[in-house]
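The exercises below go through one structure, each with a worked solution. Try each task on the displayed structure before reading on.

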Amino acid sequence: MAYVRKDAGTLTAVERLRFVKALLEVKRRGEYDEFVRMHLAYYSSDGERGLRTAHMAPSFLPWHRRFLLDLEDALRRVDSAVTIPYWDWTRDRTTTSALWTADFLGGDGRRSDQQVMTGPFAYGQGNWTIEVGMTDGGFLTRDLGRRRDPIELPTTSDLEQALEDPVYDAGPWDSTVTRGFRNKLEGWSTGWGSPSWRNHNRVHRWVGGAMLGAASVNDPVFWLHHAFVDLQWYRWQRRHGGGARYLPAEPPGRGDEQYRRIVARHEKLPPWDVTPDELEDIGRIYRYA
Amino acid sequence: MVVPIGSAPVGAEDAVPRPAPPGPAGRTRRDVARGLRAGALAGVLAPVLAAFRSPRPGPAETDPSGDTASAFERTYRGRRIRGVWVPGRTTAEDGRWHVTVDGRPLHLMRRADGGWLSTVDHYFSHPTPLEAVYAAVDTLGPGERLSDAASEPGGAGHAHGEGRHGVRA
């Protein structure tokens, strides 16, 4: 039977505790850092050669869907009642929202070095040392809202701009495409600076610290953020009906700039033995409350 | 490809990555002396052009003209930044920026629109390599140093070294 992913803002104290305990156990077992390494390994940019799977590509959504399922499996091996909650950042928008409490994800980083000092993932607690990070501090960092030059989280209307696009993705299937649900949700756009940071990308910036880098998985909020991104894919499918399918359906041809650089609907999505087509319908695995 | 010091940059255009690095109008070729002045990695310098738009003012700049360069060296917010363009050794290999912050390597990537991003500031791109490095430094806390992981390109589907092209399941 399908399990339920809940809004993080609605979890009971017990649900919060069990989610946190499962995460700490997955970390203690050494499994968590494999997720960090994998995300790091699969970040390839679209101005470089080679296959892109996790970012700047149509498979941004199925790649992260499968990535979350793998983490969820690891959590559920520890505690079968646990699922990944989602962070509705259109609603829980402040540094004092239900996420950033000492019994859940902990608070903001301190001003001096952005080190998270409260909650179960604070370095001082001894259970969450960053093994694979972009810096050598070993502690989790955040800069919620970016103190030095504040920015806001994306709004419902920002999200709506992505959701209303009936096309999943379009050529050239990268970070420069201005059409399509996928890139509007992933959040790459033209121009530079704050206005160009949209939806998914903008949330990484708002959290700051570890979430800015290729090892963003080190902050547990990564999973809650991506569960909400995943929920948008489901919502988009529901809104646009049965024709709203993953694109491209077929691989780009030999003469195409994107030849062998993206994953088409029925191609295997590395590193897994699964296709985007097989990841489009998750109804039998989980649903969102 | 190693271009002898003082020679014309023959073949340099071939090594310019696709898409070419963005630049201001009227970018000009410079000889390798600029790169040599930067000091680091002189042995692999070549005069491939990469442009810098209006670098932010910073203390102790050693490259004051700084609008077009194949290398840079700066102090920014107390951090020593060095960068040098390393061309691909074959036509099948892209060139890349070799960048260090306080001596620690920082991996830079190109975006298809010509922008640049680093492993430290990974969800946002910047008009020039130098600005991408500044953005990375902006994220560092006082005394915080880059780790070994910050120098690593994504291994899967990424193509900096031989044998990594077209990685595909």
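Two residues are in contact if their C-beta atoms, placed from the backbone, lie within 7 Å. The structure is a predicted model.

**Exercise 1. The interface**

Task: Find how many residues each chain gives to the contact, and sort the side of chain B by class.

Solution:
- Step 1. Chain B contributes 39 residues and chain A contributes 41 residues.
- Step 2. On the side of chain B that touches chain A, 17 residues are nonpolar, 12 are polar and 10 are charged.
- Step 3. For the complex, the predictor reports an ipTM of 0.92 and a pTM of 0.83.

**Exercise 2. Chain A as a whole**

Task: Describe the elements of chain A and state whether its radius of gyration agrees or disagrees with that of a compact globule.

Solution:
- Step 1. Count the elements: chain A has 8 helices and 2 strands.
- Step 2. Put them in sequence order, which gives β-α-α-α-α-α-α-α-α-β.
- Step 3. Apply the globule rule, 2.2 Å times the number of residues to the power 0.38. For 289 residues the rule gives a radius of gyration near 19 Å, and the 18 Å of chain A agrees with this.
- Step 4. Take the extent along the principal axes: the C-alpha atoms of chain A fill a box of roughly 55 × 45 × 35 Å.
- Step 5. Turn to burial and contacts. Of the 289 residues in chain A, 49% are buried. Among its contacts between residues at least 6 apart in sequence, 63% join residues at least 24 apart.

**Exercise 3. Chain B and its confidence**

Task: Give the order of elements in chain B, then locate stretches where the pLDDT is below 50.

Solution:
- Step 1. Chain B has 3 helices and 7 strands. From the N terminus on, they run α-α-β-β-β-β-β-β-β-α.
- Step 2. Of the 169 residues of chain B, 46% count as buried. Contacts between residues 24 or more positions apart account for 50% of those with a separation of 6 or more.
- Step 3. The mean pLDDT of chain B is 64, and 50% of its residues reach 70 or more. One stretch with pLDDT below 50 covers residues 1-68 of chain B, and this stretch has 114 contacts in the model beyond near neighbours in sequence. Another covers residues 157-169 of chain B, with 34 contacts counted beyond near neighbours in sequence.

**Exercise 4. Strands β3 to β6 of chain B**

Task: Trace the pairing from β3(B) to β4(B), on to β5(B) and then to β6(B).

Solution:
- Step 1. Strand β3(B), residues 71-76, pairs with β4(B) in the antiparallel sense over 6 bridges. Within this pair, R74(B) stands opposite I81(B).
- Step 2. The hairpin of β3(B) and β4(B) has 2 residues between the strands, and R77(B) there takes a positive phi near 50°.
- Step 3. Strand β4(B) also pairs with β5(B), residues 96-101, again antiparallel and over 6 bridges. Here W85(B) stands opposite W97(B), and V86(B) has R96(B) as its bridge partner.
- Step 4. Strand β5(B) is joined to β6(B), residues 104-110, by 4 bridges, and the two run antiparallel. The bridge partner of V99(B) in β6(B) is L106(B).
- Step 5. The hairpin of β5(B) and β6(B) likewise has 2 residues between the strands, with D102(B) at a positive phi near 50°.
- Step 6. Check burial. In β4(B), residues 79-86, 7 of the 8 residues are buried, so this strand is largely enclosed by the rest of the structure. In β5(B), 5 of the 6 residues are buried, so β5(B) is also largely enclosed.

**Exercise 5. Helix α3 of chain B and the segment after it**

Task: Assess the burial of α3(B), then decide whether G141(B) is buried, partly exposed or exposed.

Solution:
- Step 1. Helix α3(B) spans residues 129-139, and 8 of its 11 residues are buried, so the rest of the structure largely encloses it.
- Step 2. Its buried residues include P129(B), L130(B), V133(B), Y134(B) and V137(B).
- Step 3. G141(B) lies in the segment after α3 of chain B.
- Step 4. A residue is buried if 20 or more other C-beta atoms lie within 10 Å of its own, and exposed if 12 or fewer do. G141(B) has 19 within that distance, so it is partly exposed.
- Step 5. Leaving aside neighbours within four places in sequence, G141(B) is in contact with D113(A), Q114(A) and T141(A).

How values were computed:
Residues are numbered from 1 along each chain as its sequence is written. Chains are lettered from A and ligands numbered from 1 in the order in which they are written. This is a predicted model: local features need pLDDT of at least 70, side-chain atom pairs count only at pLDDT 80 or more; totals for chains, interfaces and linings use all residues. Two strands pair if DSSP finds at least two bridges between them. pLDDT is the predictor's confidence in each residue, from 0 to 100. Ala, Val, Leu, Ile, Met, Phe, Trp, Tyr, Cys and Pro count as nonpolar, Asp, Glu, Lys and Arg as charged, and the others, Gly among them, as polar.
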